[in-house]
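Trainee: I should like to learn how to read a model of this kind, feature by feature. May we begin with a single residue and then widen the view?

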Amino acid sequence: MLGAVDEVRLTRAVARDIGGELRDLGVDLDLAPVSDVNSNPLKPVIGGGSFWAEPALAARQGTAVVDGLR
């Protein structure tokens with residue numbers, strides 16, 4: 001879980017690798033990231049699909065994914 005680690009450089013590198021793999025497959029549109037914030041612990045539906053429960057961390061990690069995919 002990249003949000004739990006909160007290493008922007010790692011997140012960016014992972015996204016760069018994903019972007020490269022998508023490009024190699026001929027995919028030129030990625031509808032990620034979904035920068036959800038898990039703000040309600042009583043409704044854990046988002047769970048691992050969010051970067052974290054803190055908006056600033058989710059924004060930081062989401063930005064790193066976008067930068068890496070570019």
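Trainee: Does Asp-24 count as buried, partly exposed or exposed, and what is its relative accessibility?

Mentor: Please keep in mind that this is a predicted model. The class follows from the relative accessible area: buried means under 20%, and exposed means over 50%. Asp-24 has a relative accessibility of 63%, so it counts as exposed.

Trainee: Which side chain meets that of Asp-24 in a salt bridge?

Mentor: The partner is Arg-23, with an N to O distance of 3.8 Å. Arg-23 is exposed as well, since its relative accessible area is 59%.

Trainee: How many salt bridges does a search of the whole structure find?

Mentor: The search returns 3 salt bridges. In another of them, the side chains of Arg-70 and Asp-67 come together at 3.8 Å, N to O. Arg-70 is exposed at 77% relative accessibility, whereas Asp-67 is partly exposed at 35%.

Trainee: Which residue forms a salt bridge with Arg-60, and at what distance?

Mentor: Arg-60 pairs with Asp-6, and the N to O distance is 2.8 Å. This pair links distant parts of the chain: Arg-60 belongs to helix α3, Asp-6 to the loop between α1 and α2, and the two are 54 residues apart. Arg-60 is partly exposed, with a relative accessible area of 34%. Asp-6 is likewise partly exposed, at 25%.

Trainee: What is notable about the phi of Asp-6?

Mentor: The general idea comes first. Most residues other than glycine have a negative phi. In this structure, Asp-6 has a phi near 55°, a positive value in a residue other than glycine. Its place in the chain is the loop between α1 and α2.

Trainee: How should one read a helix, and which residues of α3 are buried?

Mentor: Consider the periodicity. An α-helix has 3.6 residues a turn, so residues three or four places apart point the same way. In α3, the buried residues are Leu-57, Ala-58, Gln-61, Gly-62, Ala-64, Val-65 and Gly-68. They cover an arc of only 155° around the axis, which puts them on the same side of α3. The cover over these buried residues includes α1 (2-5) and α2 (8-24).

Trainee: What span should helix α3 have, and how far apart are its end C-alpha atoms?

Mentor: Helix α3 comprises 15 residues, from 55 to 69, and at 1.5 Å a residue it should span 21 Å. The end C-alpha atoms lie 21 Å apart, so the expected and modelled spans agree.

Trainee: How many helices and strands does the chain contain?

Mentor: The chain has 3 helices and 0 strands, and from the N terminus the order of elements is α-α-α. Along its principal axes, the C-alpha trace spans about 40 × 20 × 15 Å.

Trainee: What can be said of burial, contacts and surface for the chain as a whole?

Mentor: Of the 70 residues in the chain, 21% are buried. For contacts between residues at least 6 apart in sequence, 54% join residues at least 24 apart. The accessible surface comes to about 4900 Å², and carbon and sulfur atoms account for 58% of it.

Technical notes
Residues are numbered from 1 along each chain as its sequence is written. This is a predicted model: local features need pLDDT of at least 70, side-chain atom pairs count only at pLDDT 80 or more; totals for chains, interfaces and linings use all residues. Side-chain values use heavy atoms; hydrogens and water are left out. Helices (H or I, at least four residues) and strands (E, at least two) are DSSP runs, numbered from the N terminus. The expected span of a helix is 1.5 Å times one less than its number of residues. Buried means under 20% relative accessible area, exposed over 50%, partly exposed in between (1.4 Å probe, protein chains only). The arc is that of the directions from the helix axis to the C-beta atoms. Contact means heavy atoms within 4.5 Å. A salt bridge is a side-chain nitrogen of Lys or Arg within 4 Å of a carboxyl oxygen of Asp or Glu. Accessible areas come from the Shrake-Rupley method with a 1.4 Å probe; for residues, only the protein chains shown count as cover.
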